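Welcome to a short set of exercises with worked solutions. Keep the sequence and the model open side by side, and try each task before reading on.

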Amino acid sequence: MVTKQEFNSFEELVSQSETPIVVDFYAPWCGPCQLMASILEEVNGQMKDQIKIVKINVDNYPDLASQYQVHALPTLVVFKSGKPVHKIEGVVKSQQLVQQLQAIV
């Protein structure tokens, strides 16, 4: 299951994960973000042992969105070993997303 994440330190969250983290920068008022949420559920079902998916509401964490240059919603940023390694903007079909993520993990 994809979880909405609250945290004290974002850097701690991404750096302490042994698996790559896919951060979904979204907003509750964003229609495409709602569509992407169901796609991420599907991808998580296929790749749950290989990745961790975290949803971050940009309304609650605008500084993080700015730091990782999130200019469109939804935006996925993949972190590996605490560093951003891949960025995907907009809605992506689940099969395409799985292929992109498998190339990273």
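A disulfide is a pair of cysteine sulfur atoms within 2.5 Å. This is a predicted model, in which local features need pLDDT of at least 70 and side-chain atom pairs count only at pLDDT 80 or more, while totals for chains, interfaces and linings use all residues. Residues are numbered from 1 along each chain as its sequence is written, and side-chain values use heavy atoms, with hydrogens and water left out.

**Exercise 1. The disulfide**

Find how many disulfides the whole structure has, and work out the handedness from the S-S torsion of Cys30 and Cys33.

Step 1. Searching the whole structure gives 1 disulfide. Its partners are Cys30 and Cys33, with sulfur atoms 2.4 Å apart.

Step 2. Turn to the torsion. About the S-S bond of Cys30 and Cys33 it is about 80°, so this disulfide is right-handed.

Step 3. Check the surroundings, using three classes: buried is under 20% relative accessible area, exposed is over 50%, and partly exposed is in between (1.4 Å probe, protein chains only). Cys30 has a relative accessible area of 5%, so this residue is buried. Cys33 is buried as well, at 1%.

Step 4. Look at Gly31, which is found in helix α2; helices (H or I, at least four residues) and strands (E, at least two) are DSSP runs, numbered from the N terminus. With a relative accessible area of 46%, Gly31 is partly exposed. From Gly31 to Val58 the C-alpha distance is 14 Å, and the two are 27 residues apart in sequence.

**Exercise 2. The salt bridge**

Which residue forms a salt bridge with Lys55, and which strands does the pair tie together?

Step 1. Start with the criterion: a salt bridge is a side-chain nitrogen of Lys or Arg within 4 Å of a carboxyl oxygen of Asp or Glu. In general, side chains of opposite charge can pair when their charged atoms come close.

Step 2. Apply it. The structure holds 1 salt bridge. The partner of Lys55 is Asp24, and the closest N and O atoms are 2.6 Å apart. Lys55 sits in strand β3 (residues 52–57) and Asp24 in strand β2 (residues 21–26), so the pair ties together parts that are 31 residues apart in sequence.

Step 3. Add the accessibility. Both Lys55 and Asp24 are buried; for Lys55 the relative accessible area is 9%.

Step 4. Take one more distance from Lys55. Its C-alpha atom and that of Tyr26 are separated by 7.0 Å, with their positions 29 residues apart along the chain.

**Exercise 3. Two helices crossing**

Classify the angle between helix α2 and helix α4, and list the residues that make the contact.

Step 1. Axes here are lines fitted to C-alpha atoms, for helices over the stretch in contact, and angles run from 0 to 180 degrees between N-to-C directions. The axes of α2 (residues 31–47) and α4 come within 9 Å and cross at roughly 50°.

Step 2. Compare with the classes: under 35 degrees is roughly parallel, over 145 roughly antiparallel, 65 to 115 roughly perpendicular, and the rest oblique. That makes α2 oblique to α4.

Step 3. For the hand, a crossing is left-handed if the near helix is turned anticlockwise from the far one by less than a right angle, and right-handed if clockwise. The crossing of α2 and α4 is right-handed.

Step 4. Contact means heavy atoms within 4.5 Å. From α2 the contact is made by Met36, Ile39, Leu40, Glu42, Val43, Gln46 and Met47, and from α4 by Ser94, Leu97, Val98, Leu101 and Gln102.

Step 5. Zoom in on one residue from each helix. Ile39 counts as buried at 13% relative accessibility, and touches Val91, Val92, Lys93 and Ser94, leaving out residues up to four places away in sequence. Ser94, in helix α4 (residues 94–104), is buried too, at 15%. Apart from neighbours within four places in sequence, Ser94 is in contact with Ile39, Glu42 and Val43.

**Exercise 4. Backbone checks**

Where is the cis peptide bond, and what is the phi of Gln69 and of Ser81?

Step 1. Recall the background: most residues other than glycine have a negative phi, and most peptide bonds are trans.

Step 2. The cis bond joins Leu73 and Pro74, with omega about -5°. Pro74 lies in the loop between α3 (62–67) and β4 (75–80).

Step 3. Gln69, in the loop between α3 and β4, has a positive phi of about 50°. Ser81 has a positive phi near 55°, and its place is in the loop between β4 and β5 (83–89). At 64% relative accessible area, Ser81 is exposed.
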